[in-house]
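I am opening a fresh page for a structure that I have not looked at before. I want to note how its chain is built and what lies around it.

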2 protein chains.
Amino acid sequence: MTTGGAEETGRQAWLRTVAADVARLDRSSSAERAADILRRSITEGALPPGAQLSEVELTEVLEVSRNTLREAFRLLTHEGLLVYKLHRGVFVPELDEHDVIDLYRLRRVLEVDVVRGLAERDPELPASRLEPLHDDVEVAEAAARADRWPAVGTANMRFHQHLIGLADSSRMDAMTGRLLAELRLLFHVIATPRELHEPYIERNRGLLELLEARKYEQTASDLHQYLLDSEQGILAAFLDKGLRQPAAT
Amino acid sequence: MTTGGAEETGRQAWLRTVAADVARLDRSSSAERAADILRRSITEGALPPGAQLSEVELTEVLEVSRNTLREAFRLLTHEGLLVYKLHRGVFVPELDEHDVIDLYRLRRVLEVDVVRGLAERDPELPASRLEPLHDDVEVAEAAARADRWPAVGTANMRFHQHLIGLADSSRMDAMTGRLLAELRLLFHVIATPRELHEPYIERNRGLLELLEARKYEQTASDLHQYLLDSEQGILAAFLDKGLRQPAAT
DNA sequence: AGCCTAGGGATTGTTCAACAATCCTGCAAG
DNA sequence: CTTGCAGGATTGTTGAACAATCCCTAGGCT
């Protein structure tokens with residue numbers, strides 16, 4: 001602000017990078033750090049749906065106070081990764097078919113709208129904006145070659161998160177983050193992640209190529225069908241699981 | 001699940017009503033009660049955008065501990081009604097034109113999709129589902145006759161909340177609640193609420209009549225234009241305010 | 001004068017220990 | 001088999017305390 005100079009833009013960019021690093025390390029400290037650890041444990045399956053998170057237990061493991069831990073719980077609660085039950089504690093939520101349908105309905109609405117919206121502002125959209133999507137596709141392909149299917153799922157989800165990011169809407173980004181986090185909860189009840197994720201590596205690349213060719217309308221159309229197929233895949237896996245192991249409700 | 005009976009549906013409905021009442025009275029107690037009070041203060045304008053909420057000050061007024069108050073802050077933070085600034089406290093957010101555009105983009109996407117989606121499940125949608133919308137319109141008309149324009153704004157927003165409710169999507173409901181809460185923050189920077197809300201009383205009734213006539217496609221089309229107009233109205237009022245009182249940034 | 005730097009005071013971030021309220025479990029009684 | 005009642009465990013909430021950080025002002029420097 002105070003130092004006006006010719007290299008302003010260069011310096012500001014540099015400062016911003018440092019600031020981002022500092023913010024990443026510093027952050028709201030304890031509460032968010034604890035939330036980060038728990039978030040990973042949940043999304044990676046260490047804490048399965050239905051599990052209860054005991055306060056005293058976690059205060060010892062995470063080495064934070066009960067109050068701070070509760071703040072971490074609140075953070076994750078509003079990401080949809082935990083649910084509070086009054087006087088009973090926090091639990092990893094158990095989603096059902098109805099949630100699958102709900103989640104995919106929103107995914108379709110948001111993602112398809114983002115792609116359709118790109119057509120109207122095509123000129124101002126530099127090609128470099130597609131680079132994150134490109135990286136995600138390559139990461140997914142590499143993970144597939146290494147037979148690391150959960151990693152494929154993660155990369156595919158990042159692809160969609162970055163796709164939403166093209167809309168430059170902070171609220172859409174936040175909503176999508178929440179939706180995908182909930183979706184990840186669903187993946188853990190599925191026995192065969194390969195069948196679930198494999199087809200979409202190629203389809204993601206297909207979407208990316210359509211975007212690069214600026215064929216937005218066809219991208220939107222393909223994406224719509226893509227999401228319908230993905231929903232059916234999860235519902236099928238879900239139904240299969242439900243038959244083998246009847247609902248505990 | 002376990003007790004099969006002929007009156008099952010009747011009894012379940014009754015039990016659900018009681019359960020809802022209990023939940024309303026009991027709740028998470030202190031933290032959520034404090035959050036309720038603060039929420040009203042913010043949405044009704046007692047706490048204007050930019051205001052800081054002092055912890056010690058509010059602990060005395062709300063008669064809760066600092067830790068509990070902080071939990072209330074977290075709740076409101078994730079509704080978009082407060083923002084945390086590390087080591088500086090919580091503030092009522094100040095939204096700008098960019099936020100208006102962002103909010104309305106999402107409103108259009110969600111609401112229009114809900115209406116379009118109604119066409120596909122028209123048979124299973126009893127007419128009674130439209131009653132809440134009907135009530136909202138009448139409340140708005142009554143408030144307008146009494147010159148209570150903020151109340152008109154509230155009723156109009158409930159109309160849209162109930163409209164989204166027709167989709168039976170808990171996540172859409174939650175998102176809409178958040179979006180409308182943020183929108184309410186914007187209303188407080190507008191000098192003349194009458195011009196802002198009055199036109200939409202009649203337009204809401206128009207939408208309702210189209211819905212009752214099951215003309216979903218035209219409803220969606222009208223709603224789209226409706227939201228574009230509303231966005232323009234707020235942007236205009238915003239620009240007007242910006243000219244009289246340059247940004248404090 | 002203008003700018004950088006240091007110190008004081010206030011506010012937030014976090015911890016700890018304690019108590020009240022609620023839930024779950026198991027067991028006894030009808 | 002259901003109902004009612006301890007007992008123990010867990011959560012909800014409080015209050016005080018300390019550390020860390022920010023804001024503002026005062027003072028020294030060029």
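**Entry: the fold of chain A**

I looked up the secondary structure and found that chain A has ten helices and three strands. Since the model is predicted, I keep to what was computed from it. Reading chain A from the N terminus, I wrote down the order of its elements as α-α-β-α-α-β-β-α-α-α-α-α-α. I then checked burial, and 29% of the 249 residues of chain A count as buried. For contacts in chain A between residues at least 6 apart in sequence, I noted that 72% join residues at least 24 apart.

**Entry: where chain B touches chain A**

I turned next to the two chains together, where 18 residues of chain B are in contact with 19 residues of chain A. On the side of chain B that touches chain A, two or more residues come from each of helix H4 (66–77), helix H5 (97–120) and helix H8 (170–187) of chain B. H5(B) gives the largest share of that side, six residues. Sorting the side by class, I recorded seven nonpolar, five polar and six charged residues.

**Entry: around DNA strand D**

Which residues are the closest to DNA strand D? I found 20 residues surrounding the strand, and the closest are A:Gly89, B:Ser29, B:Ser30, B:Ser65 and B:Thr68. At least two residues of the surface near DNA strand D are supplied by each of helix H3 (55–62) and helix H4 (66–77) of chain A, and by each of helix H2 (30–43) and H4 of chain B. By class, I noted five nonpolar, eleven polar and four charged residues on the surface near DNA strand D.

Key:
Residues are numbered from 1 along each chain as its sequence is written. Chains are lettered from A and ligands numbered from 1 in the order in which they are written. This is a predicted model: local features need pLDDT of at least 70, side-chain atom pairs count only at pLDDT 80 or more; totals for chains, interfaces and linings use all residues. Helices (H or I, at least four residues) and strands (E, at least two) are DSSP runs, numbered from the N terminus. A residue is buried if 20 or more other C-beta atoms lie within 10 Å of its own, exposed if 12 or fewer, and partly exposed in between; C-beta atoms are placed from the backbone. Two residues are in contact if their C-beta atoms, placed from the backbone, lie within 7 Å. Ala, Val, Leu, Ile, Met, Phe, Trp, Tyr, Cys and Pro count as nonpolar, Asp, Glu, Lys and Arg as charged, and the others, Gly among them, as polar. A residue is near a molecule or strand if its C-beta atom, placed from the backbone, lies within 6 Å of it.
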